[in-house]
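Work through the exercises below with the structure open. Try each task before you read its solution.

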Amino acid sequence: MRNKNPRKALNPRVKVVVYAKMASSTVSGGPGSYLNIKSVLFNPTGWRSLITFTVLALAWLAGFSSRLFSVIRFESIIHEFDPWFNYRSTAYMVKHGFYNFLNWFDDRAWYPLGRIVGGTVYPGLMITSGAIHHILHLLNIPIHIQEICVFLAPIFSGMTAIATYLLTKELWSNGAGLFAASFIAIVPGYISRSVAGSYDNEGIAIFALMFTYYLWVKSVKTGTTFWAAMAAFSYMYMVSAWGGYVFIINLVPLHVFVLLLMGRFSLRIYTAYTVFYIVGLIMSMQIPFVGFQPVRTSEHMAAAGVFVLLNVVGGLRYIQGFMSKAEFRYLAVFGSAIAAGVVFLGVVVLTYAGFIAPWSGRFYSLWDTGYAKLHIPIIASVSEHQPTTWFAFFFDLHILIAVFPVGVWYCIRYITDERVFIVLYALTATYFAGVMVRLMLTLTPVVCVLSGIAFSELFSVYMKDEDGKKHGDESNGDAADRNNKMYDKAGKVPKMKHEVAKEDAGTAGTGLGMNLRSIVVVAMLMMLLLFAVHCTWVTSHAYSSPSIIIATYSHDGTRHIIDDFREAYYWLWQNTPEDSRIMSWWDYGYQIAGMGNRTTLVDNNTWNNTHIALVGKAMASNESTAYPIMLSLGVDYVLVIFGGAIGYSGDDINKFLWMVRIAEGEWPTEVREKDYFTERGEYKVNNEATDIFLNCMMYKMCYYKFADHAVSFGAPRGYDRLRSTVIGNMDFDLKYLEEAYTTENWIVRIYKVKKPESFIRHRIPATKRVVKPRNFLKKGKKVGGKGVIKNRPSITKGKRPQKPMR
Amino acid sequence: MKSLGERVQQLTENAMKKSITRMNKEKFMLYAKSVPRNYSLVVMFTALSSKRQCAICRQAFDEFQIVANSFRYSQSFSNKLFFGLVDFDEASDVFQYMKVNAAPQIMHFPGKGKQKKGDVMDFGMYGLSAEAVAKWILERTEIQIRVFRPPNYSGSIAILILFVLVAGLLYLRRNNLDFLANKTMWGLACLGFMFAMISGQMWNHIRSPPFIHRNHQGNFGYIYGSSQGQLVLETYIVIGIYAAIVFGMILMIESGSNTSKTDVGKKKLQAVIGLALMAFFFSLLLSIFRSKSGGYPYSFLLK
C-alpha cells in the first residue's frame, strides 16, 4: 500500500514538540527547566491527552457560558415559537409517558382538524430531554423539565465541539481538531440556533450530524463492520432528531459515488457503505414520522442507487479475477451500462406509477430557486428561507469564512478517501447555505473543521522551534526518533523523498528567523482574538433575545421590559373558558397553546395550507364576510399583534400581505393582493389606502379605538409610531366583535366574537314590553342609603357643582 | 356589418388555426369596436418588425403567445375570450385611432360596457411574464388560464452538449488522462465555486440587484449601505478580497513548509508578502463589513 498521506505521518511529531514546549513553559515557567521535564517527553501521550482534555473542557465551558446571555438578562425561559411546541410536547411526554406521547392526538391544535402529534414530530429532542429528566430524578435531583429544556442546547454545544474534534482528528491531526473544537464552541453561526432557551431540533441535531460524520469517516478508514454499524446508530439518532438527516443520506452516497469515479474503490468502502446503508435504512424507518419515506421518496433514491452501483462494481471486481482482460472489458462496459439503465428506468417508472413520491416542494426549492416564490407562498413567507448575502456569511463566521478555503486547498492537495468527504461536504454546504439562510447551520461545522486545518497548518509551520531543534540534535534526537516510530507504524513505509527532505530541513529549521515567525504568530493571534470578540458581540446583540420578552433602553441607559405577550397569554389562560378557540395568524399558534393553554386554529406546523388560507381570508376580508367564516370555524376569540402604539416592527400589519397572498392562492377571485395597495402600488395605512384595506378585519382589529389613545406627547391624533403616518380610518365601530383585552403597550389585542344569538334580539319599544320597567326607587323613606346633608349641593364626579343663580 | 354570431364564428375559426389573430384597421373595428359583443378581446399593441429595434416587444410577445396558447389548448377554451395583435407596421392607423403611442401594450375590450381604467395592463405593476398576463386577464374577465410553458429545452440541450463535449474530449485524450488527476486544477475549481457561493452570487441570481449604485450627484457607490442588500460589483470585490486572503495564507504556509534548500531571503519575502496580503485584506473586509452594519465596534488596522 502506498502511503497516501505523507503529511499526516509527519504532523503529529511536529505537534508533539509544539505542545511539549507549550506545556513546559506553562508548567515550569521557563526554558531553563526545559531539560528537567525531558523524562516527560519520553511519554508525550500523557501530555497530549492532558492538553487535549483541557482544551476541550475549556471549549465546552466557553461555549456553554456564552450561550447564557438571555438567561442572565431576562430569566430562564423558552424562546420564540417552535420551542414552545417542543416544550409542550416534552412536558406531555414526561407527564403521560412515552407510549402515550407516540399516540397523542392533540385536539388543542388545528381546530377542528386536530393533529396527530406522535406521528408528525421528530421525537429525538423530547426523548433526549425526557431521558435526562428521568435520570436526574432517579438520582433524586428534583429539577423541573423546563430547566432541562432551556439548558439542553448549550450542553449539547459542548458535545458538538467534541464530535467536531474527533472528526477533524480523523481527517487531519490532533491540533487541527482542537482548533476546530474551539471554533465551533463559540461561532455565531451555530450559537444562533443553540442559545439557552432555544429548545429546538437543531440544537441536538448538529451534534448528531457531526458525530455521524465522524463515525462514517472512521468506518471508511478502518473498513470494519463495527464502526459502520456505529455510524448507522448515530444516523438513527439524527433521523429521530431533525429533518436535515436527508443531508446525510445524500452526502454519504455522494462520497461513495465520487470515490468510485476516482477509482478508489476498496473493500473498506464496500463494507462501510453496505453496512451503513442497510442498517441505517432499517433503523431510520423505525421513527414513526419517517416511516416508509426512505424507500418511497425521491430524496432517498440516490442512496439506494449508489448501493446498487457499489454492488455491481464489487461484483465486477470479483469476476475480474476469473476472466481474460478483453472479456472483462466487454462485461464491464455492458454490465455497468445495463445496471445504470435499469436503476434509472426503475426509479422513473416507479415515480410515475406513484410508488415513489416525487420531490417535496421544500426540497425542490433548493434546486430551482425561483420555485418557492412562484408556487408555495407559505415557504417563501418565512424569512429563514431567503437567500444569503455575503454580509450574513461574514456576520455568522467572521474570519473562518475567509480562511476555510485554505483548508479545502490542502485537503485536495493531500487527498485521501476521507478528505474527499470533507471537500464534498464543504462544496454542497456552501451551495445550500447560499440558497437558504437557514442552512448556514449545516455549513458552520465544516467551516470550523476546515479553518481548523488551515490554522493548525499555519501555526505548525510558524511555531516550530528552531532553537529547540538545534538543541535537540543531541538531546531531542532520541525522542524524535521514538515519536517517528510510533506514528509511522514502525517503519513499515519507506520514507518518501518529500519527507526525507523535510527531515533534513528540520535540522536547519524553516530558515525564516525568529522575528518574522513571532510577528506572524502575533498577527494571527490578534485576528483570532478579533474573532473571539466578534463572536461574543454577535451572540450578545443578535442572538440572545427570547423574542417574547423585549427589552428597550432609554437614552440614560435604564432598561424597560416589555412583557405584553405573556401578559396576554396569561389573561387568556385565566379569563377565558377552557375550551375556547383562539384565532390568530399561524406564527402565534404554538405560543397560545404553550402559554395560554387554549385551542388554536392554525400554528407554526404549517401542514395544511388551506386551513391557513382560510384564516388569512378571514383576516383580509371585511367583518360581514369574515363573520360566517369565523362561525364555521367556531372561533371564540381573535388575537392580533399590533406594534403601532410603541413601534414594535414584527406585527401583523407588516405580515398582513402574506396573509393576503396565501389566501389569494386558494381564492384568487375573492382576495386580490392588488386591492390592498394604494393607487401607486404602495402598501400604506394612511388615507391613501384602499377602502378594502381600511375596512378589513385586520385593519379594524389593530386600529380599533386607536385614535383615542395618545401614543406620545405632541403626536397627531391616530399617529402610528411604527409606520410614522396618521392612519386612514379612525372612527369606526365593530359589529361582530367586541374588544376583550388589550395589553399594556397595545402589542397584543384580543377580541371576542359575538355569538349569533346576540343579533336575533329585536328592539321592542318600551310601550310594548310585557315586563314594564318598574320604578325600584321608592320615594320617601330611605333604608340604608347614603346620607345626605341638607342644603348641601351633591357633587357628581366630572361635573361642576351648580352654583345658585343670582 | 356582420352579425354577432358570424363574428364569433369567424374569431373561433381563427383561434382554432392560430391562437392570436393579427388585425388590421378593418378587422380591429369589426371585432373590437362593433357592438354588441358577448366575448372579451385581449389585444396586444406592439412593433415586432426588426427595423423598430424593440427588444422588449419581442419578449412581451413571446409571453403573450404563451398565454394565448395555454388558453387555446386548455380545457377551459371557449368563445368568451379571444386574443388579438396589432402591429404598428401593419396598422399604424389603429394606433392613432386608439391614441396608443407606446408599444408594447395590452388592452382588454370587455364583452359588456365600455373600457375602464384598468383595461390597459400596467406592466410596471404586474410585470411582463405570462403568469402576470394570465393574472391580469383573470381579474378583468374572470377566466382562469393556467399558464403552461412549453418546456425550455435550451438548458437541457446546453448541458447535453457540454456533456458530449467533455465525453468527447476524454475519449480523444483517453491515452493520457493524467490531467484529470491534476490537483491544482480541481483545487482551483472548488475554490472558485466556494467563493461564488460565499460572496452571495446566489442572492444576486435570485434578487437581481443593480450592478452599481449611482446617487443624485452622479457619484458611484460600490457598496450597498445596509446589511439587507448588496450590489453585484460589491460581491465581486468581496470575491477578490477572499481570494487575496486565501492566497496570502497559502503563501505563508508554503514559505514555511517549503523545505527545499532555496535561499532564505526568498522564503522570508514570501512569508512577508503572505502576511501583508492577509492582514491588509482582512482588515479591508472588516472595514467594509463595519460600514454596512452600523454600530459594529471592532476594526483591525483600517478604520
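A salt bridge is a side-chain nitrogen of Lys or Arg within 4 Å of a carboxyl oxygen of Asp or Glu. The model is predicted: local features need pLDDT of at least 70, side-chain atom pairs count only at pLDDT 80 or more, and totals for chains, interfaces and linings use all residues. Residues are numbered from 1 along each chain as its sequence is written, chains are lettered from A and ligands numbered from 1 in the order in which they are written, and side-chain values use heavy atoms, with hydrogens and water left out.

**Exercise 1. Find the salt bridge partner of Glu670(A), and place both residues.**

Step 1. Glu670(A) pairs with Lys617(A); their closest N and O atoms are 2.7 Å apart.

Step 2. Place the partners. Helices (H or I, at least four residues) and strands (E, at least two) are DSSP runs, numbered from the N terminus. Lys617(A) sits in helix α31 (residues 609-620) of chain A. Glu670(A) is in the loop between α33 (652-666) and α34 (691-694). The two are 53 residues apart, so the pair links distant parts of the chain.

Step 3. Put the pair in context. The whole structure has 25 salt bridges over all chains.

**Exercise 2. Describe the interface of chain B and chain A.**

Step 1. Count contacts (heavy atoms within 4.5 Å). Here 66 residues of chain B touch 62 residues of chain A.

Step 2. Take the buried area, which is the accessible area (1.4 Å probe) that two parts lose on being put together, summed over both. The value is about 5900 Å². Carbon and sulfur atoms give 78% of that area.

Step 3. Look for charge pairs. The rule finds 1 salt bridge across this interface. Glu254(B) and Arg413(A) form it, at 2.8 Å from N to O.

Step 4. See which helices take part. In chain B, α5 (123-126), α6 (130-141), α8 (183-198), α9 (201-207), α10 (232-257) and α11 (264-293) each supply at least two residues of the side that touches chain A. The largest share, 15 residues, comes from α11(B).

Step 5. Sort that side of chain B by class. Ala, Val, Leu, Ile, Met, Phe, Trp, Tyr, Cys and Pro count as nonpolar; Asp, Glu, Lys and Arg as charged; the others, Gly among them, as polar. The result is 38 nonpolar, 17 polar and 11 charged.

**Exercise 3. How do α21(A) and α11(B) pack?**

Step 1. Get the geometry. Axes are lines fitted to C-alpha atoms, for helices over the stretch in contact, and angles run from 0 to 180 degrees between N-to-C directions. Helix α21 (residues 390-397) of chain A meets α11(B) at about 110°, with the axes 11 Å apart.

Step 2. Name the arrangement. Angles under 35 degrees count as roughly parallel, over 145 as roughly antiparallel, 65 to 115 as roughly perpendicular and the rest as oblique. So α21(A) is roughly perpendicular to α11(B).

Step 3. List residues. Trp390(A), Phe391(A), Phe394(A) and Phe395(A) meet residues of α11(B), including Phe282(B) and Leu285(B). By class, this contact has 9 nonpolar, 1 polar and 1 charged residues.

**Exercise 4. Find the cis peptide bond that ends at Pro112(A).**

Step 1. The bond runs from Tyr111(A) to Pro112(A), with omega near 0°.

Step 2. Pro112(A) lies in the loop between β1 (105-106) and β2 (115-116) of chain A.
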